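Me: Hi! I've got a new model open and would like to talk it through. Could you start with what counts as contact?

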Number of protein chains: 2
Amino acid sequence: MSVLIVGSTALDSIKTPKAENPKLLGGSASHAAVAASFFSPVNLVGVVGEDFPKMYLTLYKRHRIGLTGLQILPGKTFHWSGEYELNMNNRRTLLTELGVFETFSPTLPQSHQTASFVLLANIAPSLQMHVLTQMRRPKFVAADTMDLWLNIALPDLLKLLKRLDAFVLNDSEAHQLTKEDNVLNALKKIHQMGPRYVIVKKGSHGSLLSGPKGLFICPAYPLDKVVDPTGAGDSFVGGMMGYLASAKGGIEQNIRRAMVYGSVVASFCCEGFGLTRTTKVTRAQIENRVKELERLTRF
Amino acid sequence: MSVLIVGSTALDSIKTPKAENPKLLGGSASHAAVAASFFSPVNLVGVVGEDFPKMYLTLYKRHRIGLTGLQILPGKTFHWSGEYELNMNNRRTLLTELGVFETFSPTLPQSHQTASFVLLANIAPSLQMHVLTQMRRPKFVAADTMDLWLNIALPDLLKLLKRLDAFVLNDSEAHQLTKEDNVLNALKKIHQMGPRYVIVKKGSHGSLLSGPKGLFICPAYPLDKVVDPTGAGDSFVGGMMGYLASAKGGIEQNIRRAMVYGSVVASFCCEGFGLTRTTKVTRAQIENRVKELERLTRF
């Protein structure tokens, strides 16, 4: 089955202690869509300006990402610029130019309204909700978020949570949302807000799923070189949703492997700037790392 | 086979945001010995003062811990006092009274010199080395350490590293020792210092083994309540060595399960002050959590 992905489509200028890369293809929907495309057909919903490089449209198409829902509007593409510290864990935003995103309000093409798998990648929760209300009985809806929305749009996010099957956030966001230091207690509180699956991302420490049948401790693929972690979380959730949509059987039966596949795509994402590494990955390379993670965790 | 454990035997006064507990049984050797005792006979090497409560000797004996190597000297038992912050991750030392530890120089009883499994629990590396030089061809020697020794006794520690089979340290110590932010690169550098097994502890994120046959990602048992993490690292390495000494077959064949057993004993340790929870644990409860960790990590 196909996955409908809504989120940001952006140009990212990323600075690390070792290099500087201006206006790479970025945004939560771009990373998630490419990641999901290894497993399932993908339709992308987003907006870019007239300055959006044609080569990036070509890149989407090479991954067979449906662009019927991608609006190209007069104005500038959303531009984010950030800088990482030496340890690659801390980053600071240098610049955010919303451009055409400022007034974005997606109307879904009719063909998209019947999608079974919906990923509301990181974007303002009001926009995530706006997309969701246009959907007819999706089978599985997951959403990602970021600290910004906890700070400036918490009521919108809380409304959205009631409508989700799965909610994905990182450990510091889980703490911020629940005021709980202990991750298990935070998970319990987030379930009470709505979603029956909650996934806490912990960067290089992997991730933790809490669902109807309990916990799953998902490993991260160990990397000896992290070039640029931008988009790793989006790749994780995108890969997960792509795998889920492709797998036979129910969610419960597949969600653990889906997370591992997401984790592996995220590991490739970290090995290059923006999407430069992810877009060169083959399905066989993904399968190899999944098998390796099986070996690395077996006891 | 039995495990010989040398380390500190102390009285710990522990303050958390919720409680204060004076003069609990503590010290790296106490935690490690009790943890190992669930799997193998243990002999303890350490020193206490004449003020050491008899009930703590009784506790050691209840765990069938051999005390021939425990010296009771005129003076005061090593006393450590520390305080944890609300999130239980950061602690600060309020007081360290070395007492009889100041002049401790253990001479091993002859019966101890032929032990096959030796755990040099956290203590000054010169003392760890002093014990090691008295051993005759041990089969497997592991050592733990702490940031203090990296700061004040690095040359001693580097000498010791050349003599170890396994070295256990936490992630911030691995960074401090190698100046490497990336844990895989840190592991490579530590191998070059001597030990063929290196284990990096990451608290609630589990631990990572690097050995001749590659990596193992060892999970931590998820806890919804951490009462007092003091001694968790010592319990981990003690449980691991106790299991290794009890298991049939070679090190390589058993070290992954050994780490998981260590991880489970450490989880119990965190659920009570000092050794109060660990000493009430049954082998059956340990087996249950090991099985649960198998379920929680399978995909």
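Reply: Sure: contact means heavy atoms within 4.5 Å. On that basis, 100% of the interface residues of chain A are also interface residues in chain B, so the copies meet through the same surface.

Me: What rotation superposes chain A on chain B?
Reply: A rotation of 180°, with 0.0 Å of shift along its axis and an RMSD of 0.0 Å; the fit is by least squares on the C-alpha atoms of residues with pLDDT of at least 70 in both copies. The two copies are thus related as by a two-fold rotation axis. In chain A, the C-alpha of A:His205 is nearest the axis, 3.1 Å from it.

Me: What are the scores and conventions?
Reply: This is a predicted model with ipTM 0.94 and pTM 0.96. Chain A has a mean pLDDT of 96, pLDDT being the predictor's confidence in each residue from 0 to 100. Residues are numbered from 1 along each chain as its sequence is written, and chains are lettered from A in the order in which they are written. Local features need pLDDT of at least 70, side-chain atom pairs count only at pLDDT 80 or more, totals for chains, interfaces and linings use all residues, and side-chain values use heavy atoms, leaving out hydrogens and water.

Me: New topic: what is the strand order in the open sheet of chain B?
Reply: S3-S2-S6-S7, four strands with mixed pairing. Strands are DSSP runs (E, at least two residues), numbered from the N terminus, and two of them pair if DSSP finds at least two bridges between them.

Me: Which strands stand at the edges?
Reply: S3 (20-26) and S7 (91-97) of chain B; each has a single partner strand, so one side of each is left without a neighbour in the sheet.

Me: And how many bridges join S2 to S6 in chain B?
Reply: Five, and the two strands run parallel. One pair of bridge partners is B:Ser13 with B:Ser81 in S6(B).
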